[in-house]
Amino acid sequence: MPANKKYLTKSGWTKLSKILVGVIGGYLVSLSFHAALTRFFPLENVMITSFVTAYVLWATLLLFAFLIKKAWQTWALYTVLVVVFSGIYMLPIG
Amino acid sequence: MDNRKYNIYFNTHTVSGIIICAILYVMFFAGSFTFFKDDITAWQKNDSQLAHKGAVKKDFNYLIDSLGKKHKLIGRDFDFTIQRNHSGVYVAMSASHDSTNKKKKDGEGGGFGERGGRGEGRRGGRGEGRGEGRGAVAAASDTAGRRGFRGGRAGKPDSNATMIAASATRGDKGKAEMSGGGDKKDGEKGEKKERKGRGRRGDGDNAYFTYDFAKHQEADYTTGYTMGEFLYRLHFLAQVNQVLPFRIGVPFGYLLAGIVSFIFLFALITGLLLHWDKLVSNFFTFRPWNKWKNVWTEAHTVLGVIGFPYQLVFAITGIILIFNSFLIVPYTQLFYKGNQEKIYKDLGYGVKSEFKYTYKPLQAKANVDSLVAIVENKWQRSDVSTVAIRNYGDANMHVVVIGKPQTTAQMNGQGEWIYRVRDNRVISERSPLADAGYLATFKGMIYHLHFGDFGGRPLKVIYFVLGILGCVVINSGVMIWLVARDKKSIPEGKRKFNFWTANIYLGSSLSMLPVLGVTMIALLFLEKPGQPEIYHWFFYSWLALGIYFVALRNLERVNRQSMFLSAVICLALPIFDGLVRSNWFWVTYAQGAFDILFIDVLFLILGVISAAIYWKISQRKIAPAAKTSASAPRRKAQQLEEAATA
């Protein structure tokens, strides 16, 4: 049996929006998260670790975009996350 | 798990899986055979590496001397990256640091340096072409990170540096290199651009090529091309790079392979979550004599769970090794202000130390061979992986030897030995068996896990089996998808579409094993088969058989016939090897040519398994008809199901 359509997104545009926010937003969140980590850990170690974690995080965020009911909520959430992580990365301290 | 989540996992898993099924199958199939790349190469060339191991002497002095006949060597840097099977070395020679040094004119007649551009140009014309031409060799060396890697991926899996370095296929500068293919004119243009692009001092006649220690000459790529190399490159879709008629700035095949790996990762995560609640109970449920739909579902779940860690490893390491540009490019911009050289050095590729050029000639003379011998003697249970020379002939000339532990001694580690020629002094030394540190350990794990090179042949066999089981998981997944949609309630048009999707998928995937066997048998009869022959035999027979299977429009017959063909061809392969080259099992065994023997045995086993499956499905086909007790409608339904699925 295919998945029950009752629970899936019906509108094509919402679907597209979710895919976009999952792919692009998820990517940016994942990137900025690891950039923020470089403020706390040695750069090389963060980079090499991110080769695994960044992809897993990205894929998870892509899935998460489908789990959140409204696409705009995901856009908002991911934007906030990117801003927060970039902020940490660009903090003027040490 | 609430219903909504379950259905979302279900839907995303299905859609992502169906999108990538065909390409992923090719990658898994070719990748599984790639574990035996060296064996396949030995088999094809009838030249066992195991029978005469260690016979090749690594003669660096001779190599440097012959380079010196074509080039003025003073002020240059060299990186010699040794291939894992120790038969050859990737050479990367930089331009001279000495800005007063003029290019030696008579060197243009086709020596090593010129070949760096032209030789690969030839190759470019052959087909591998764009985006691989220059990069193919350049990327192989540790220097790749700095220079040639943009052109594409290296020709060998062995050189660790290749992988991450080569996958960063990007940048405008790279285009000059990527256009290194074609004819000589093109090559020259490319070189000129390079020089401008990099702003390097001295003349820009750097060279990258593979050198064969046994033959004492530059290895010719197209004639050295083997089935092993072909399968290796197929598993990351290198051949697809030439498909697009226009350039998109990155090799299309690698990009596609990277995207497929990522979607595969996504499908694995959703698949795991989907089955999470019933993971344990489903694992112990396998009823092969049940209805077809249950057989597919249970096979998919059970094999998926068994193979999950393996597949997860390959999804992740696969992206890293083929298209890490997703991360490397932004990192280079963010953390290194676009300085690619620096990021690769920081990630532990090549020689990190810088050596100043002094413009003073060197009085002493360096004997690289004896230096390497000293280090090899010093580093027990390790292999020298790179020999680098900095500032050749300058007072500040250094020789750097980099080594890695053999996996039987230690999983990861990187030894480095720096020697100054001027005063015959060892500047610094770190043993390969010293503590590797976080970076080298993590990086090493990525490679070891992907190549399966840490447990000898038994591990490779396990990897191979798990890889083929991955193919089965993909196949059964597609069958679940099809059977679940083969219902009266689904509109006719959709059902047709579904059937054709599955039909084309099965036709192209199930034809791969017979096609591989046919190509390898054909190689036995060809005189010195090279890249074009392998391309023709493999792709044309794949096309022909694929079209035939699709035209059957009957999945059951496709399945049966492909099993029949696989059985016949795979069993024929060792027999032909015996008839044509007298490589009977007992002969190769007696010679100690275990790599050749292994391939023969591998195909014997594949043939026997195919025959067994063929026998089983033929039996099964008869069984339902013999059942008279089944009520008519049920029998009808069963037949329908079988026709659509088997």
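Trainee: How many residues does the contact take from chain A and from chain B?

Mentor: The model is a predicted one: local features need pLDDT (the predictor's confidence in each residue, from 0 to 100) of at least 70, side-chain atom pairs count only at pLDDT 80 or more, and totals for chains, interfaces and linings use all residues. Residues are numbered from 1 along each chain as its sequence is written, while chains are lettered from A and ligands numbered from 1 in the order in which they are written. Two residues are in contact if their C-beta atoms, placed from the backbone, lie within 7 Å. The contact draws on both chains, with 26 residues from chain A and 32 residues from chain B.

Trainee: Which element gives the largest share of the side of chain A that touches chain B?

Mentor: Helices (H or I, at least four residues) and strands (E, at least two) are DSSP runs, numbered from the N terminus. Helix H1 (12–37) and helix H2 (43–67) of chain A each supply at least two residues of this side. The largest share, 18 residues, comes from H2(A).

Trainee: How do the residues of that side of chain A divide into nonpolar, polar and charged?

Mentor: Ala, Val, Leu, Ile, Met, Phe, Trp, Tyr, Cys and Pro count as nonpolar, Asp, Glu, Lys and Arg as charged, and the others, Gly among them, as polar. On the side of chain A that touches chain B, the division is 20 nonpolar, 5 polar and 1 charged.

Trainee: What is the radius of gyration of chain A?

Mentor: Chain A has 3 helices and 0 strands, and its pattern along the sequence is α-α-α. The globule rule (2.2 Å times the number of residues to the power 0.38) gives 12 Å for the 94 residues of chain A, and the radius of gyration is well over this, so chain A is more spread out than a compact globule. Its C-alpha atoms fill a box of roughly 55 × 25 × 15 Å along the principal axes. The radius of gyration, taken over C-alpha atoms, is 16 Å.

Trainee: Which helix of chain B gives the most to the largest nonpolar core?

Mentor: A nonpolar core is a set of buried Ala, Val, Leu, Ile, Met, Phe, Trp, Tyr and Cys residues joined through C-beta atoms within 7 Å; a residue is buried if 20 or more other C-beta atoms lie within 10 Å of its own. The largest such core has 169 residues, and Phe264(B) is among those with the most contacts inside it. Beyond its neighbours within four places in sequence, Phe264(B) is in contact with Ile20(B), Leu24(B) and Ala315(B). With 14 residues, the helix that gives the most to this core is H10(B).

Trainee: Which are the edge strands of the open sheet in chain B?

Mentor: Two strands pair if DSSP finds at least two bridges between them. The open sheet of chain B has 8 antiparallel strands in the order E4-E3-E2-E1-E5-E6-E7-E8. Within it, E7(B) and E8(B) pair over 5 bridges and form a hairpin with 4 residues between them. The strands that pair on one side only are E4(B) and E8(B).

Trainee: Which element of chain B has the lowest mean pLDDT?

Mentor: The mean pLDDT of chain B is 80, and 79% of its residues reach 70 or more. Over residues 103–203 of chain B, however, pLDDT stays under 50. Where pLDDT is low, the predicted coordinates should not be read in detail. The highest element mean, 96, belongs to H19(B), whereas the lowest, 31, belongs to H7(B).

Methods. Buried ≥ 20, exposed ≤ 12 C-beta atoms within 10 Å, placed from the backbone.
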